Amino acid sequence: MTIKRDMVTVLIASVLGLPLATVPLATVAADLSVIEEVPTPPEEQRGIWGAIAYSRADTRHGFFWGADKKEEAKDLAVRHCENAGGKDCQLVTVFRNHRHWDDDDGTGFPYAHCGALAVGELGPNHTAFWGAAVGETRKAAEERASARCGGKANECEIREWVCT
């Protein structure tokens with residue numbers, strides 16, 4: 001491993017407590033030619049993404065949150081459902097959160113910070129009643145998911161919730 005002479009000079013100066021002003025400026029300055037700009041994502045991808053997947057055949061589920069891209073959140077939620085033993089995992093909801101409070105991109109895809117999955121008793125075709133929904137808050141997402149499942153009448157309980 002080779003160490004540049006300038007770096008050795010900086011190390012010696014710092015060990016001896018010498019001010020870095022005595023060290024050549026090129027030694028301590030950042031090389032701005034190697035800094036890459038972070039590309040701005042397309043409007044349809046802006047935000048922090050989350051998703052929930054569910055397998056009706058065996059009531060397994062999976063979720064993912066914190067993705068930079070919608071497709072990533074969707075794919076990983078399905079994969080987590082499959083890893084949990086789900087035989088028929090399907091994406092049931094996708095949502096996103098702001099990266100910044102003024103991050104209105106005008107795409108029409110709402111910022112619904114939370115998603116929830118409710119699962120109830122077995123229905124007539126031997127699959128469980130279920131519902132998935134999104135909302136601005138955890139409570140709103142859970143209430144909507146429970147209502148879509150059939151609420152107390154179908155003994156629906158929140159199986160999963162996630163907020164970005």
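Start by selecting E142 and R138: the two form a salt bridge, with their closest N and O atoms 2.8 Å apart. You are looking at a predicted model. Now show the helix around the pair. Both E142 and R138 belong to helix α4, which covers residues 138–149. Four residues separate them, about one turn of the helix.

Next, colour the pair by accessibility. E142 counts as buried because its relative accessibility, 19%, is under the 20% cut-off. R138 has a relative accessible area of 37%, so R138 is partly exposed.

**Stay on α4**

Select K139 and E143. Here is another salt bridge, its closest N and O atoms 4.0 Å apart. K139 and E143 are also four residues apart in helix α4, about one turn of the helix. Is K139 buried or exposed? K139 is exposed, at a relative accessible area of 58%. The cut-off for exposed is over 50%, so E143, at 48% relative accessibility, counts as partly exposed.

How many salt bridges does a search of the whole structure find? The search finds three. You have one still to visit.

**Move to α3**

Select E71 and K74. Their salt bridge has its closest N and O atoms 3.2 Å apart. Both residues sit in helix α3, which runs over residues 70–83. The spacing here is three residues, about one turn of the helix. Check accessibility again. E71 is partly exposed, with 40% relative accessibility. K74 is partly exposed as well, at 22%.

Now display the whole of α3 and mark its end C-alpha atoms. They lie 20 Å apart. That agrees with the expected span, because the 14 residues of α3 at 1.5 Å a residue should also cover 20 Å.

**Look at the buried residues of α3**

Which residues of α3 are buried? Select A73, L76, A77, V78 and C81. Then add the strands to the view. The cover over these buried residues includes β1 (48–55), β2 (60–67) and β3 (89–97). Show each strand in turn with the five side chains still selected.

**Last stop**

Follow the chain out of α3. Just after the helix comes G85, with a positive phi of about 100°.

To retrace the route, go back to the three salt bridges. E142 with R138 and K139 with E143 are on α4. E71 with K74 is on α3.

Note on methods
Residues numbered from 1 in each chain as written. Predicted model: local features only at pLDDT ≥ 70, side-chain atom pairs only at ≥ 80, totals over all residues. Heavy atoms only, no water. Salt bridge = Lys/Arg side-chain N within 4 Å of Asp/Glu carboxyl O. Helix = DSSP H or I, 4+ residues; strand = E, 2+ residues; numbered from the N terminus. Buried < 20%, exposed > 50% of the residue type's maximum accessible area, 1.4 Å probe, protein only. Expected span 1.5 Å × (residues − 1). Contact = heavy atoms within 4.5 Å.
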